[in-house]
Amino acid sequence: MSFASRISRRSFLVSGIAAAGLAAEGPKGTSYPSAWHRYSDALTELEVFRLTDPAYSSVLPAHYNRAISKNSGFLLYGCDRGGSTQAFRMDLKSGATRQLTEAENLDAASLTLTPDNRQFCYFAGRSLFIAALATLRERELYKVPEGWERCAGMTVGPDGTHATFAERQANGSRMRMVSLVQGMARTVIEAPFAMSDPIPRPMRAQVVYRQEDQALWLVNSDGQQNRQLKLAEGRIGPANWAPDGKTLLYLSFPQDKTQLNTIRELTPDSNTDKLVAKTSQFAQFGFNRDTSVFVGASRNTASPAVLLLLRVNRRELTLCEHRASHADMTTPLFSPDSQRIYFESDWEGHPALYCMHVEKLVEKTESETGC
C-alpha cells in the first residue's frame, strides 16, 4: 500500500467517524481541562507524557503541515471527543484544550496553521475553510466542483497567501491554488495520474507533489518546468522541505525488504541526491529546524520505538516505544524550538497524542518570530 493511499485511508476513517452524526459533547469554543498523564517508558524508563485520553481518537495533521505554533506554545490537532472529528487547540504549558470548529466531515490531516499563527485552514467535506483562532469565525474559501474529488493532502504555503491541493477526475488530476484572501482559485498543472500531498517550497515559487510512492515531481507555481525528480531506487516514503527550502528530505524504502530504510536528501537546484543515514526501519520521520537531528518511528515489530538520529555521526538513540498498530500513523515531529518531540499512537486504545522532553539531548534551535 502506498504512502499516499495510507494518508487517504486514514483521512477516510477519520471523516467516517464524523459522518456517524453522534451528539456533540460541546459546541465550538468549549474548553476542557488537561488530560495529561505522565509515565515511564517500559523500554527506556524515560518520561513520556500522554496528552490526550485514549478513550477517544486524537490525531495529528499531515506531517508537512503546521501543527505547533512558532513559539511552541500550542498544538493544533483533530479529535472526536464529541462524536465527530473537530479541530482542537491545546495549550502546551497547561494542557487545557479548546474546541475550534463545528464542521461536518472535517479532514484532520488537512488542518494547518497559517504562517502568522493567527488563523488555521482545513477541508470539511468538499469545502476549504479558513478560521481565526481568536474569534473562531470561519469562512468558506472554496468548494470542490461537481464531477471532481479531492486528492489526499492540502497545505498553506510559507508565504501564507495560498492553499494548495489537488483534485482528481477519472484517471487524471489537477493541482489547485486558492487565495486565502479573495478565495480565487486557479489550476497550476494537470497530470494523467492522481497527484497527492503538494508541498510549496520555502523561498522558491515551486511545489513538490507525489505520484503515490512511485515518484516525486517538482513544478513552478505558474505551471512551468514540471519535472520528475531523480531519487534513489525503491519506494518513496514521507518527504518534506528543509526549512530553508534548499533541499528535500525523504525516506527511501528499498525493494529488498532485508535492506534498511534510509533518510536521503535531494538538492533540486543541482539535481543531486545523497544518503543522509540508514535507519532502524523508519516508517515516518521529522527533523528539527536546522535538520541536524531527526526523529523517527520504527516499523520493526520487534522494537516499535521512537528514536532520535544525529546527522553528524548517524547515531541513533531510542526514546520510547510507540507500539502503534501501524508505524506510519505516528507522525513524529519536533517543536519549533527542538526541545520536545510529539507523536501519535493507538497502543492504549484509540489514537492518542504523546510528548517527550528532549532538551537534554538536542540543542535548542531559534524559532521563527511570532506567536
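Are Phe-287 and Phe-294 buried or exposed? In this predicted model, both Phe-287 and Phe-294 turn out to be buried. A good place to begin is therefore the strand pair around these rings, given that strand S24 (residues 282-287) has 6 of its 6 residues buried and is largely enclosed by the rest of the structure.

Strand S24 is joined to strand S25 (residues 293-298) by 5 bridges, and the two run antiparallel. Within this pairing, Gly-286 of the one strand stands opposite Val-295 in S25. The hairpin that S24 and S25 form has 5 residues between the strands, and there Thr-291 adopts a positive phi near 55 degrees. The pair also belongs to a wider arrangement, an open sheet of 4 strands in the order S24-S25-S26-S27, with antiparallel pairing. S24 and strand S27 (316-321) stand at the edges with a single partner strand each, so one side of each is left without a neighbour in the sheet. From one strand to the next, the twist averages 25 degrees. For S24, then, an edge position in the sheet goes together with burial of 6 of the 6 residues.

A second hairpin invites a look alongside this one. Strand S10 (residues 127-132) and strand S11 (residues 138-143) run antiparallel and are joined by 5 bridges. Ser-127 has Lys-143 as its bridge partner in S11. Here too, 5 residues lie between the strands, and Leu-136 is the residue with a positive phi, near 65 degrees.

Turning to the aromatic side chains, the count comes to 15 aromatic pairs. Among them is the pair of Phe-287 and Phe-294, which is edge-to-face, with 6.2 Å centre to centre and 75 degrees between the planes. Elsewhere, Tyr-32, Tyr-77 and Phe-88 form one aromatic cluster. One member of that cluster, Tyr-32, also has a charged neighbour: Arg-81 lies over the face of the Tyr-32 ring, at 3.7 Å from the ring centre. Another arginine, Arg-299, is placed over the face of Phe-253, at 5.8 Å from the ring centre.

Finally, a loop residue deserves a mention. Ser-69 is found in the loop between strand S4 (58-59) and strand S5 (74-79). Ser-69 counts as buried because its relative accessibility is 0%, where the cut-off for burial is under 20%. The side chain of Ser-69 also makes a polar contact, at 2.7 Å, with the side chain of Asn-71.

Definitions and conventions: Residues numbered from 1 in each chain as written. Predicted model: local features only at pLDDT ≥ 70, side-chain atom pairs only at ≥ 80, totals over all residues. Heavy atoms only, no water. Buried < 20%, exposed > 50% of the residue type's maximum accessible area, 1.4 Å probe, protein only. Polar contact = N/O pair within 3.5 Å; in protein donor to acceptor, adjacent residues only side chain to side chain. Pairing = 2+ DSSP bridges. Axes fitted to C-alpha atoms, helices over the stretch in contact; angles between N-to-C directions. Phe/Tyr/Trp six-rings, centres within 6.5 Å; stacked < 30°, edge-to-face > 60°. Lys NZ or Arg CZ within 6 Å of the ring centre and 35° of its normal.
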